[in-house]
Amino acid sequence: MKKLTLKRQYVLFKLMSDLLNSGYNLKQSILFIREMDTDVNAYNYIEDQLITGRSFSDSVDGLVNDEFVNQIMISERYGNLVQCLSELSKFIQRRIQNESKIKEVLCYPIILIMMLAFTVFAINELVLPQLNTVSTINQYDFSMIYCFIALVVLVLAGITYFYNRLSLLEKRNYICRIPFIGNVYRSYIAYFLSLQLSMLLSSGMELIQIVHVLKTFKRNTLLNALGNELSRCANLGDEVTKLINKYRFLPIEYNSFFSSGKEVDDIKDELNIFSKIKFTEMNKQVNRLINMIQPILFLIIGICIIVAYLLVLAPIYSSLKGI
């Protein structure tokens with residue numbers, strides 16, 4: 001079954017949370033959603049899975065993001081499913097809004113860059129050869145630019161190859177090192193982990209039990225990888241602080257939250273508040289990053305225009321003076 005688009009995942013979680021909150025059960029809710037949108041076969045699949053007695057997290061497995069499946073699984077077993085679905089819909093809605101803003105910001109500058117590239121190419125390949133019949137004008141050799149582009153492509157391919165060979169946790173660490181984007185990603189991970197850990201602690205589990213639960217989640221997800229790493233640290237007798245200091249995406253505040261002697265209820269409350277703070281901080285950072293994109297692109301375009309003038313148009317003006 002094909003995975004639902006992000007917008008349809010938002011609709012699913014939003015309507016499910018609203019309907020469950022209004023007193024509908026899972027089967028009634030998905031039936032209502034299916035009748036609203038008959039074009040999506042996935043709703044039929046979810047309904048069939050629920051009828052056979054499977055949980056909602058198992059029913060949407062493969063249809064939504066794997067991390068979302070883990071969150072739903074946690075809420076079904078140890079937390080509030082309605083609250084989880086509501087939080088997921090809010091997060092997806094914010095993500096969709098940010099992606100829409102980025103597309104709007106990038107649209108005009110990208111069109112300008114394409115027009116500039118086409119203009120420079122047209123002048124060099126069409127205009128200059130015609131002017132050569134009147135006066136000798138040297139065409140600009142774009143071979144260096146082509147070599148530079150090829151070098152950039154090779155570097156990006158090398159980075160991609162290196163990145164794909166890293167473990168899941170090392171990949172997250174690598175992303176956190178990227179300027180600007182890394183700060184946003186750290187805030188997202190802090191929000192995501194804090195919310196999940198707070199939900200698990202609310203169920204009355206101890207920290208060692210949470211580690212075993214994390215290991216049961218879907219493979220190749222952040223929660224599963226952290227569960228395996230925490231289990232390894234426990235077997236070696238290492239402190240949790242060592243793991244927190246090892247990975248940049250883990251909030252340094254966790255050293256204080258998980259310090260010895262703290263009550264589980266206190267840790268749960270601190271994580272819940274911290275997740276809300278990080279969600280707000282993440283949104284602010286994303287908006288700030290979006291606002292920076294367009295000015296930077298316009299600066300690059302301006303530099304390209306000046307370079308194009310010096311490399312292509314300047315020889316034309318110089319030759320025209322001799323006519």
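In which loop is Asn 220 found? In this predicted model, Asn 220 sits in the loop between α10 (207–214) and α11 (222–236). The phi of Asn 220 is near 60°, which is a positive value in a residue other than glycine. With a relative accessibility of 67%, Asn 220 counts as exposed, because the cut-off for an exposed residue is over 50%.

A positive phi is also found at Phe 180, where the angle is about 70° although the residue is not a glycine. Phe 180 is placed in the loop between α8 (168–176) and α9 (181–202). Helix α8, on one side of this loop, is mostly covered, with seven of its nine residues buried. The buried residues of α8 are Leu 168, Leu 169, Lys 171, Arg 172, Asn 173, Ile 175 and Cys 176. Lys 171 and Arg 172 are thus among the buried residues of this helix.

Helix α1 spans residues 6–21 and has 16 residues. From its first C-alpha to its last, α1 reaches 22 Å, close to the 22 Å expected at 1.5 Å a residue. Buried positions in α1 are Leu 6, Gln 9, Leu 12, Phe 13, Met 16, Ser 17, Leu 19 and Leu 20. In an α-helix there are 3.6 residues a turn, so residues three or four places apart point the same way. After α1 comes Gly 23, with a positive phi near 110°.

Two patches were identified on the surface, one nonpolar and one of negative charge. The nonpolar patch is formed by Phe 121, Tyr 146, Phe 148, Ile 149, Leu 151, Val 152, Val 153, Val 155, Leu 156 and Ile 159. Together these residues have about 940 Å² of accessible area. Helix α7 (residues 143–164) provides the largest share of the nonpolar patch, with nine residues. Leu 151 is one of the patch residues and is found in helix α7.

The patch of negative charge gathers Glu 263, Asp 265, Asp 266 and Asp 269 on the surface. Of these residues, Asp 269 lies in helix α14, which covers residues 264–321. The relative accessible area of Asp 269 is 40%, and the residue is therefore partly exposed, since this class lies between the buried limit of under 20% and the exposed limit of over 50%.

Terms used. Residues are numbered from 1 along each chain as its sequence is written. This is a predicted model: local features need pLDDT of at least 70, side-chain atom pairs count only at pLDDT 80 or more; totals for chains, interfaces and linings use all residues. Side-chain values use heavy atoms; hydrogens and water are left out. Helices (H or I, at least four residues) and strands (E, at least two) are DSSP runs, numbered from the N terminus. Buried means under 20% relative accessible area, exposed over 50%, partly exposed in between (1.4 Å probe, protein chains only). Patches are made of residues with over 30% relative accessible area and no salt bridge: like charges are joined within 9 Å, nonpolar side chains (Val, Leu, Ile, Met, Phe, Trp, Tyr) within 5 Å. Accessible areas come from the Shrake-Rupley method with a 1.4 Å probe; for residues, only the protein chains shown count as cover. A salt bridge is a side-chain nitrogen of Lys or Arg within 4 Å of a carboxyl oxygen of Asp or Glu. Lys and Arg count as positive and Asp and Glu as negative; His and the chain ends are not counted. The place of a charge is taken as NZ of Lys, CZ of Arg, CG of Asp or CD of Glu. The expected span of a helix is 1.5 Å times one less than its number of residues.
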